[in-house]
Amino acid sequence: MSNEQEFDLTPSYLLKETLILACGNILFADDGFSVHVIEKLQDLLTDEEKGHVALVDAGAGAPQQVLTLIDESSKVKNITVVDVIDYGLEPGTIEILTKENLPNPEHTRVDSHEWPLSTTLNRVCTENDIKYKVIGCQAKYVSEPDVVLELCEEVENAVDDAVKIILSDIRGN
């Protein structure tokens, strides 16, 4: 008789159909946009919705620490990534990026700080038949390496817009 117990080490977010993935760092001004979005979603989702929607604050580690864990055994069917972007738009502008308009940079270095999100997102979702989109918000100011906990007014105002888009997707309206 064995005393060994089997433990399921599958992260709980891989057991839900929808993954809302916040990328960024709340310590660096507008880079914390996505964290504010998922915090608001946490308050607005119903218990039923929370049963099939995972809210994950991935920090800057989304590609290598979250997305690469998705495989054929995960239940994830939809991924929405929330992040700041720099497309030269007016600060606070929301841009929805899909497979058709997401950049696809080459990843040639083994360096987690330079691991491109879009390349990994596209590969993982294509291999596992997962629908995905990125809700990007044009940043005004990313303070790194200086710590600034506040979002600029324009990006703060965009939090509600991103939340509405995500809730509409989840609720199908």
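This report describes the nonpolar cores and one helix pair of a predicted model.

## Principal nonpolar core

The largest nonpolar core comprises 24 residues, and those with the most contacts inside it are Leu19, Leu21, Ile79 and Leu121. Two or more residues are contributed by each of strand S1 (18-23), strand S2 (53-59), strand S3 (78-85), helix H4 (117-127) and strand S5 (131-138). Of these elements, H4 gives the most, with 4 residues.

Beyond its neighbours within four places in sequence, Leu19 is in contact with Tyr13, Ala54, Val56, Val66, Ile70, Val76, Asn78, Ile79 and Thr80. In soluble globular proteins, nonpolar side chains tend to be buried together.

## Second core

A separate core of 23 residues is also present, and Val37, Leu41, Cys137 and Val159 are among its members.

## Packing of helices H1 and H5

Helix H1 (residues 33-44) and helix H5 (residues 153-171) have axes that come within 9 Å and cross at roughly 50°. H1 is therefore oblique to H5. The crossing of the two helices is right-handed.

On the H1 side, the contact is formed by Phe33, His36, Val37, Lys40, Leu41 and Leu44. These residues meet Val155, Ala158, Val159, Asp160, Ala162, Val163, Ile166, Leu167 and Arg171 in H5. By class, the contact of H1 with H5 has 11 nonpolar residues, 1 polar residue and 3 charged residues. Val37 and Leu41 of H1 and Val159 of H5 take part in this contact, and Val37, Leu41 and Val159 also belong to the second core.

Technical notes
Residues are numbered from 1 along each chain as its sequence is written. This is a predicted model: local features need pLDDT of at least 70, side-chain atom pairs count only at pLDDT 80 or more; totals for chains, interfaces and linings use all residues. Side-chain values use heavy atoms; hydrogens and water are left out. A nonpolar core is a set of buried Ala, Val, Leu, Ile, Met, Phe, Trp, Tyr and Cys residues joined through side-chain atoms within 4.5 Å. Buried means under 20% relative accessible area, exposed over 50%, partly exposed in between (1.4 Å probe, protein chains only). Contact means heavy atoms within 4.5 Å. Axes are lines fitted to C-alpha atoms, for helices over the stretch in contact, and angles run from 0 to 180 degrees between N-to-C directions. Angles under 35 degrees count as roughly parallel, over 145 as roughly antiparallel, 65 to 115 as roughly perpendicular and the rest as oblique. A crossing is left-handed if the near helix is turned anticlockwise from the far one by less than a right angle, and right-handed if clockwise. Ala, Val, Leu, Ile, Met, Phe, Trp, Tyr, Cys and Pro count as nonpolar, Asp, Glu, Lys and Arg as charged, and the others, Gly among them, as polar.
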